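Please walk through the fold of this protein, starting with its strands and ending with its pockets.

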Amino acid sequence: MQGYRLEPSGLEQVFEKLKSQSYEIIGPKLKDDAIVYDRLTRVKDLPIGLTDEQGPGYYRLKKRNDDAYFGYVLGPQSVKHYLHPPVFSLWQAKRTEDGFAIPKERESAPRYAFIGVRACELNAILIQDKVFLDSDYQDPVYLERRKNAFILAVNCTQAAPTCFCSSLGTGPKVEAGFDLLLTELINETEHYFVLETGSEKGQVFVKDVNLPAASEAELEAAQNRVKATEEQISKKLPTEGIKDLLYASYEHPHWDEIAERCLSCGNCTMVCPTCFCTTVDDVTSLTGDTAERVRRWDSCFTSDFSYIHGGSVRPSSKSRYRQWMTHKLASWQDQFGSLGCVGCGRCISWCPVGIDITAELEVFRQERGQSESN
Ligand code: SF4
Ligand code: SF4
């Protein structure tokens with residue numbers, strides 16, 4: 001492992017350099033009592049000295065007893081909000097004297113520099129790459145944003161009880177898909193980052209910033225910090241035989257039990273960094289002067305999403321939750337060659353009734369005598 005030592009004050013220089021390269025900096029920020037991805041103009045916009053506590057249906061912010069810049073686990077949003085925006089205008093038409101005109105030129109896609117991206121989120125981006133780019137029909141909105149993006153990832157130095165990335169091989173250590181990677185280290189006397197590069201873009205960037213090499217002891221401290229995070233992760237989602245288990249459980253009565261708790265609110269799909277479903281609305285202004293086609297996120301939990309002439313094919317919470325979980329953990333494998341889950345735990349924290357995908361799966365496993373504890 002090779003790396004550089006970056007002082008907290010040096011992070012401002014990184015921000016300035018990104019801005020000079022016309023990147024719009026998107027990173028963690030305190031907003032509405034949560035840490036969300038938002039536009040940052042300076043390092044002070046980061047949620048310095050804050051951490052999060054999470055559990056099923058539970059998310060609270062707390063003050064830390066230090067000034068860590070990335071001392072929280074995960075907020076409700078992922079970078080999906082920027083690469084695959086929740087609402088996007090596909091085209092607009094304006095009334096003219098002799099009909100309607102549709103402007104041919106699209107606004108160029110923003111150049112985002114994402115700060116603080118975690119290992120599970122990077123893996124979610126790699127999954128969305130398959131969904132949006134790995135076919136004959138690429139999504140131009142995602143493609144342009146993805147192509148332009150600069151990613152400054154951060155290794156997790158603490159885990160929440162909702163995290164289960166280590167079961168899926170998607171964290172907590174950042175392995176690939178980044179330009180720069182930071183590990184934040186704080187002890188009684190020092191606060192610094194170990195910075196690694198993961199792409200040519202990242203290497204060029206670091207050369208210009210001119211940083212000292214990290215010492216062996218600093219590199220080891222960074223590795224130990226991430227190992228300690230991995231040891232903190234207690235939640236598990238065993239993946240062996242998961243597809244066959246779910247396909248064989250299609251008529252299982254436990255789906256009815258989940259449906260008694262599930263509100264079909266769709267929160268789990270909104271916060272999930274891999275869910276990608278959308279719908280399209282045509283909107284006309286009241287004056288009739290403009291018309292617009294808007295794409296927006298949708299969810300397998302809405303009745304309209306599976307509406308086919310005559311009615312919805314998933315009329316119950318039972319059928320919707322079963323569709324969601326079976327897609328994430330089973331049919332996604334047939335469709336895209338991987339699971340559709342990276343173990344970030346957001347769907348657990350942000351489910352208003354605390355439904356936990358790992359606990360629900362365990363019920364199916366136990367009944368088939370496949371539990372790890374058996
Ligand atoms: S299904 Fe839940 S844990 Fe898995 S990636 Fe989506 S939000 Fe994260
Ligand atoms: S599982 Fe939870 S978050 Fe998802 S739709 Fe049901 S109640 Fe909402």
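The paragraphs below take up the strand pairings, some backbone details and two pockets of what is a predicted model.

An open sheet of four strands can be followed in the order S7-S6-S13-S12, with antiparallel pairing. Strand S7 (99–101) and S12 form the edges; each has a single partner strand, so one side of each lacks a neighbour in the sheet. From one strand to the next, the twist averages 20 degrees.

Within this sheet, S6 and S13 run antiparallel and are joined by seven bridges. One point of register is phenylalanine 88, whose bridge partner in S13 is arginine 295. On the other side of the pairing scheme, strand S12 (residues 278–284) and strand S13 (residues 290–297) are also antiparallel, over seven bridges. Here threonine 278 stands opposite tryptophan 297 in S13. S12 and S13 make a hairpin with five residues between the strands, and in this hairpin glycine 288 adopts a positive phi near 80 degrees.

Parallel pairing is found around strand S8 (residues 112–117). S8 is mostly covered, with six of its six residues buried. Strand S2 (residues 24–31) runs parallel to S8 and is joined to S8 by three bridges. Glutamate 24 has tyrosine 112 in S8 as its bridge partner. S8 also runs parallel to strand S9 (residues 150–154), through four bridges. In that pairing, isoleucine 115 is matched with leucine 152 in S9.

Some loops hold backbone geometry that deserves a look. The loop between helix H5 (165–168) and strand S10 (180–186) contains proline 172, and the peptide bond that leads from glycine 171 to proline 172 is cis, with omega near 5 degrees. Two residues that are not glycine take a positive phi: aspartate 32 at about 50 degrees and serine 264 at about 55 degrees. Aspartate 32 lies in the loop between S2 and strand S3 (34–39), while serine 264 lies in the loop between helix H9 (254–261) and helix H10 (267–271). Are these two residues buried or exposed? Aspartate 32 has 74% relative accessibility and therefore counts as exposed, the cut-off being over 50%. Serine 264 has 17% and therefore counts as buried, since buried means under 20%.

The pockets come last. The largest pocket holds about 490 Å³ of space. It is lined by 18 residues, and the closest to its centre are Phe88, Ser89, Glu105, Arg106 and Glu107. Which elements supply at least two residues each of this lining? They are strand S6 (87–96) and helix H4 (140–148). S6 gives the most, with five residues, and Phe88, already met as the bridge partner of arginine 295 in S13, is among the residues closest to the centre. By class, the lining of the largest pocket has nine nonpolar, three polar and six charged residues.

The second largest pocket holds about 160 Å³ of space. Of its 14 lining residues, Cys275, Cys277, Cys300, Gln323 and His327 are the closest to its centre. Helix H11 (residues 317–336) gives the most to this lining, with five residues. Seven residues of the lining are nonpolar, four are polar and three are charged.

Technical notes:
Residues are numbered from 1 along each chain as its sequence is written. Chains are lettered from A and ligands numbered from 1 in the order in which they are written. This is a predicted model: local features need pLDDT of at least 70, side-chain atom pairs count only at pLDDT 80 or more; totals for chains, interfaces and linings use all residues. Side-chain values use heavy atoms; hydrogens and water are left out. On a 1 Å grid over the protein atoms alone, a cavity is a set of points where a 1.4 Å probe fits but cannot get out, and a pocket is an open set with protein on both sides within 12 Å along at least five of seven lines; lining residues have an atom within 4 Å of a point. Grid points are joined across faces, edges and corners, and a volume is the space filled by probe spheres set on the points. Ala, Val, Leu, Ile, Met, Phe, Trp, Tyr, Cys and Pro count as nonpolar, Asp, Glu, Lys and Arg as charged, and the others, Gly among them, as polar. Two strands pair if DSSP finds at least two bridges between them. Axes are lines fitted to C-alpha atoms, for helices over the stretch in contact, and angles run from 0 to 180 degrees between N-to-C directions. Buried means under 20% relative accessible area, exposed over 50%, partly exposed in between (1.4 Å probe, protein chains only).
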